[in-house]
Amino acid sequence: MAAALRRRAGGGAAGLRRGPGLWRGLCRQRSTFDVAVVGAGIVGLASARELVRRHPSLAFAVLEKERELAHHQSGHNSGVIHSGIYYTPGSLKAKLCVEGAALCYEYCDQKGIPYKQCGKLIVAVQQEEIPRLKALYERGLQNNVPGLKLIGAKEIQAKEPFCRGLMALDSPYTGIVDYKQVAQAYAEDFQEAGGTILTDFEVTNMEMAKEGSSEMEDGLKYPLVVRSSKGEEISCGHIVTCAGLHSDRLSEISGCSPEPRIVPFRGDYLVLKPEKCYMVKGNIYPVPNPRFPFLGFHFTPRMDGSIWLGPNAVLAFKREGYKLFDFSTGDFLDAVMYSGLWKLVLRNLSYGLGEMYRACFLSAQVKELQKFIPEVTVNDVLRGPSGVRAQALDSDGNLVDDFVFDGGSGDLGSRILHVRNAPSPAATSSLAIAKMIADEVKRRFEL
């Protein structure tokens, strides 16, 4: 029965991904799945791919509210394949990043997805930054990041002729890739294995099927009913949510804890004008300041040859608001009425005001960039794209810096696994994260 269902569900997958209209026809047939993954970002797609590979006899679906895949965080990031330098030794982030980077390069080689291992310099421009830089080097060694070395001013210029610095940490293993292309490849793997992707399906309700109703026709195997904003339904046995910017809301829909909350921060990039891109060869990053919650301005080459500069970090007034004046009353009120946000703001008031100032004035952003490449001027840059980061925040105003899984109790909660927080570098780590999620699914749901 399960195998037959998998073939039936998988048969319409490619067509459904092309457009939401074909969903209407499938809806009339009452679709049932063993597991539904909510969210077709890179983590959701990697997880669905891993699950269907491990359990080929089961029926899997991915539910995505947009008409295209990897539309939000996965399609609005810097594209860096991180090496794992920054993260606390022994932490899950460190382990998953180092493992995930190796898996990412291997996967791209297998699929013929282009990438560039262009390296990264973390550059100290002040004497007070050098002890922090050396500590980062030691941390990277503990995390087994390959190829790390400390270099001096002359070696910096040999690698990046226009960059000025006292000392740098050279990470040749860092690279760049188009993560949207990677996510699409995950989706193709999932569909080829028999999985179904339903786009234009915004999940608004999850509940147990009512006893004696038509939803119980398949017995107890598919007792969960998932409904969309357009009234469409599927039935399934278990749910895994990888909803990024909406992870807290989906958790609340299912009766689970509202904590940690998602507070959206927008990052605005500048881009170097094409005729000035010769000034940057690889990634150039600042030494992180532990007093501040975000990384700071950096230079990031892209697969198309462009150079992104930034980003800043300012509160977004809409969870999916990529433009300066994008506004959602509900998203704004959710953020500003949360006590955790105000505690974070008060602890970082001067930093936050500085970020807002730099967001408004191009010259202020360029001043930060000139610390590393003095030749960059306001005339060399243009305003570029933006991304929105799903920052998980607890009620004490602390940034939640590691992975958070959540479920609930009772008939409904025990059948749902929420991936509440998959922090940066989730794209780099996606294949390693997927293995961890698949392990957790097996443990919780006994698949």
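K210 is exposed, at 53% relative accessibility. In this predicted model, the side chain of K210 meets that of E207 in a salt bridge, with 3.4 Å from N to O. The pair does not stand alone. E207, K210, R227 and E233 are linked in a network of salt bridges. The structure as a whole holds 28 salt bridges.

Another of these salt bridges joins the side chains of K221 and D34, at 4.0 Å from N to O. This pair links distant parts of the chain, with the two positions 187 residues apart in sequence. K221 sits in the loop between β10 (203-208) and β11 (224-228), while D34 belongs to strand β1 (residues 32-38). The two partners also differ in exposure. D34 is buried, at 8% relative accessibility, whereas K221 is partly exposed, at 37%. A further salt bridge is formed by the side chains of E368 and K371, at 3.2 Å from N to O. Here E368 is partly exposed, with a relative accessible area of 22%. K371 is partly exposed as well, at 43%.

Confidence was examined along the chain. The mean pLDDT is 89, and 91% of the residues reach 70 or more. Residues 1-30 stay under 50 throughout. For this stretch the model has 63 contacts beyond four places in sequence.

Strand pairing was considered next. Three strands form an open sheet in the order β3-β8-β4, with antiparallel pairing. β3 (80-81) and β4 (115-116) stand at the edges; each has a single partner strand, so one side of each is left without a neighbour in the sheet. β4 pairs with strand β8 (residues 175-177) over 2 bridges, in the antiparallel sense. Within this pairing, Y115 has V177 in β8 as its bridge partner. Strands of a sheet pair through backbone hydrogen bonds, in either a parallel or an antiparallel manner.

Strand β16 (residues 307-310) takes part in two pairings. One is with strand β13 (residues 261-272), which runs antiparallel to β16 and is joined to it by 2 bridges. In this pairing L270 has L309 of β16 as its bridge partner. The other is with strand β15 (residues 298-301), also antiparallel, over 4 bridges. There T300 is bridged to W308 in β16. β15 and β16 form a hairpin with 5 residues between the strands. In the turn, G305 has a positive phi of about 95°.

Two cis peptide bonds lead into prolines in this part of the chain. The bond from E259 to P260 is cis, with omega near -5°. P260 lies in the loop between α9 (247-253) and β13. The bond from G310 to P311 is also cis, with omega near 0°. P311 is placed in the loop between β16 and β17 (314-315). G310 itself falls within β16, which covers residues 307-310.

Positive phi values also occur at residues other than glycine. A70 has a positive phi of about 50°. A70 is found in the loop between β2 (60-63) and β3. It is buried, with a relative accessible area of 2%. N144 likewise has a positive phi, near 65°. N144 lies in the loop between α6 (130-142) and β6 (149-152). In contrast to A70, N144 is exposed, at 61% relative accessibility.

Within helix α4 (residues 42-54), V52 was examined for its surroundings. V52 is buried, at 3% relative accessibility. Leaving aside neighbours within four places in sequence, V52 is in contact with F60, F190 and A193. V52 and A438 are 386 residues apart in sequence, yet 9.6 Å apart in space, C-alpha to C-alpha.

The surface carries a nonpolar patch of about 300 Å², made by L349, L353 and M356. One of these residues, L353, is found in helix α12 (residues 349-360).

Definitions and conventions. Residues numbered from 1 in each chain as written. Predicted model: local features only at pLDDT ≥ 70, side-chain atom pairs only at ≥ 80, totals over all residues. Heavy atoms only, no water. pLDDT = per-residue confidence, 0-100. Contact = heavy atoms within 4.5 Å. Patch = residues over 30% accessible without salt bridge, like charges linked within 9 Å, V, L, I, M, F, W, Y side chains within 5 Å. Areas by Shrake-Rupley, 256 points an atom, 1.4 Å probe, with all protein chains shown as cover. Pairing = 2+ DSSP bridges. Buried < 20%, exposed > 50% of the residue type's maximum accessible area, 1.4 Å probe, protein only.
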